[in-house]
Amino acid sequence: EVDEEGEKIPGINPRKLPLGTFSSNTARSGAEHGMLMSYFEVGPVYADSTLLQNRYAGIYIYKNNDALVSGGLFRENGYGLQTIWSDNNVVTDAVFSGLSARSKNVQA
């Protein structure tokens, strides 16, 4: 933004704000993704979250760098974790499992 004299107004760029930690969250049976983060330059941290039976991704990270997924359970999602145009992401101590025999024929 600029003022009336054409000088740039200092402001906050939300893409550069640190998001902090998303901890101990549960996202279940989402129509698309359990959690979606996009266009942040400071990587978010996902700690010990449970993402179950989401149609597409448990966590979808789009155009983010340096995201950390620490711990957590990703079960019966279309994709446990999906990253698109994202670099330097780290996953540690997470459990990923696919569809079970009991739930594979359930319609979302």
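**Entry 1: two strands side by side**

I started with β3 and strand β6 (residues 57-62), which pair in the parallel sense over four bridges. I then picked out one residue here and found S38 opposite Y62 in β6. I should keep in mind that this is a predicted model.

**Entry 2: the whole sheet**

Next I asked myself in what order the strands of this sheet run. I read off β3-β6-β9, an open sheet of three strands with parallel pairing. My textbook reminder: strands of a sheet pair through backbone hydrogen bonds, either parallel or antiparallel.

Which strands stand at the edges? I noted β3 (35-38) and β9 (79-84); each has a single partner strand, so one side of each is left without a neighbour in the sheet. I also looked up the turn between neighbouring strands of this sheet, and it is 5° on average, direction ignored.

**Entry 3: aromatic rings**

I moved on to the rings and got a count of five aromatic pairs. I took F22 and Y46 to begin with. Their ring centres are 5.7 Å apart and the planes sit at 20°; planes under 30 degrees apart count as stacked, so I wrote this pair down as stacked. F22 belongs to strand β1 (residues 21-23) and Y46 to strand β4 (residues 45-47), so to speak two distant parts of the chain, 24 residues apart.

Are these two buried or exposed? I found F22 partly exposed, at a relative accessible area of 25%, while Y46 is buried, at 1%.

**Entry 4: another stacked pair**

I looked at F74 and F96 as well. Their centres lie 4.5 Å apart with the planes at 15°, so I have this pair as stacked too. Here again distant parts of the chain are linked: F74 is in strand β8 (residues 73-75) and F96 in strand β11 (residues 95-97), 22 residues apart.

I checked accessibility for both. F74 counts as buried at 2%, whereas F96 is partly exposed, with a relative accessible area of 41%.

**Entry 5: a ring cluster**

Which residues do ring pairs link into a cluster? I listed Y39, Y60, Y62 and W85. I had already met Y62, as the residue in β6 that S38 stands opposite.

**Entry 6: how confident is the prediction?**

Last, I looked up the pLDDT. The protein chain averages 85, and 87% of the residues score at least 70. I wanted to know where confidence is lowest and where it is highest. The lowest is in β1, with a mean of 88, and the highest in strand β10 (residues 90-92), at 95. F22 from my stacked pair sits in that β1 strand.

Definitions and conventions. Residues numbered from 1 in each chain as written. Predicted model: local features only at pLDDT ≥ 70, side-chain atom pairs only at ≥ 80, totals over all residues. Heavy atoms only, no water. Pairing = 2+ DSSP bridges. Axes fitted to C-alpha atoms, helices over the stretch in contact; angles between N-to-C directions. Phe/Tyr/Trp six-rings, centres within 6.5 Å; stacked < 30°, edge-to-face > 60°. Buried < 20%, exposed > 50% of the residue type's maximum accessible area, 1.4 Å probe, protein only. pLDDT = per-residue confidence, 0-100.
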